Amino acid sequence: MTVFGQPTLHLQPNQNVYNPSHYAQIIEDSEKGLDLRRVASQEYLSKFAPAAREVLSFGYTTSAIWVKVSLINAKMEDAEFVLEVAYPLLENVDFFLTDARGNLTASGRSGTAVSRNSAVMDRNHTFRFSL
């Protein structure tokens, strides 16, 4: 299945680790003025571009980078997942999960000031969610 020009990542029952790079779409927000409502709007859907890289890496930047990945849980029932952003030097990572209608269903923040709120005790940014 393809959503907005990018394939959808299907989370499989017997697979625990995924590389979302092939499914990711990005927007660079150099002015850090965007919020979830604007990024999720019809106006911005066409502004996301395929990441087109094996590893999501943006070098040193002061920009906010918005990364969108469409997910489908291929398991037969709801399951719990953990998203790990495996680069501990990032200052902050905000996580938003929306349903197919665009309704916010989960969110979280991980960073130097809030690292105790992490879903898992880990040096990387982690977020627990159900799908």
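The charged end of Lys68 is placed over the ring of Phe48, at 4.8 Å from the centre of that ring. A second arrangement of this kind involves Tyr44: Lys47 lies over the face of this tyrosine, 4.5 Å from the ring centre. Both descriptions refer to a predicted model, and the same holds for everything that follows.

The overall architecture provides the setting for these details. The protein chain contains two helices and 11 strands. Read from the N terminus, the order of elements is β-β-β-β-α-α-β-β-β-β-β-β-β. Of the contacts in the protein chain between residues at least 6 apart in sequence, 60% join residues at least 24 apart.

One example of a link between distant parts of the chain is found among the aromatic side chains. A search of the whole structure gives four aromatic pairs. In the pair formed by Phe95 and Phe127, the ring centres are 5.2 Å apart and the planes meet at 15 degrees, so the pair is stacked; the limit for this class is an angle under 30 degrees. This pair links distant parts of the chain, since Phe95 belongs to strand β9 (residues 92–98) and Phe127 to strand β11 (residues 125–130), with their positions 32 residues apart in sequence.

The surroundings of these two rings can be described through their accessibility. Phe95 has a relative accessibility of 10% and therefore counts as buried. Phe127 is buried as well, its relative accessible area being 6%. In each case the value falls under the 20% limit that defines a buried residue. Across the protein chain, buried residues account for 26% of the 131 residues. Phe95 and Phe127 also belong to one aromatic cluster, together with Phe81 and Phe129.

The surface offers a further point of interest. Tyr87, Leu89 and Leu90 make a nonpolar surface patch of about 330 Å². Leu90 is located in the loop between β8 (80–85) and β9, and β9 is the strand that contains Phe95. With a relative accessible area of 34%, Leu90 is classed as partly exposed, because this value lies between the 20% and 50% limits. Strand β9 thus holds the buried Phe95, whereas the loop between β8 and β9 holds the partly exposed Leu90.

For the protein chain as a whole, the accessible surface comes to about 9100 Å². Carbon and sulfur atoms contribute 50% of this area.

Notes:
Residues numbered from 1 in each chain as written. Predicted model: local features only at pLDDT ≥ 70, side-chain atom pairs only at ≥ 80, totals over all residues. Heavy atoms only, no water. Phe/Tyr/Trp six-rings, centres within 6.5 Å; stacked < 30°, edge-to-face > 60°. Helix = DSSP H or I, 4+ residues; strand = E, 2+ residues; numbered from the N terminus. Buried < 20%, exposed > 50% of the residue type's maximum accessible area, 1.4 Å probe, protein only. Lys NZ or Arg CZ within 6 Å of the ring centre and 35° of its normal. Patch = residues over 30% accessible without salt bridge, like charges linked within 9 Å, V, L, I, M, F, W, Y side chains within 5 Å. Areas by Shrake-Rupley, 256 points an atom, 1.4 Å probe, with all protein chains shown as cover. Salt bridge = Lys/Arg side-chain N within 4 Å of Asp/Glu carboxyl O. Contact = heavy atoms within 4.5 Å.
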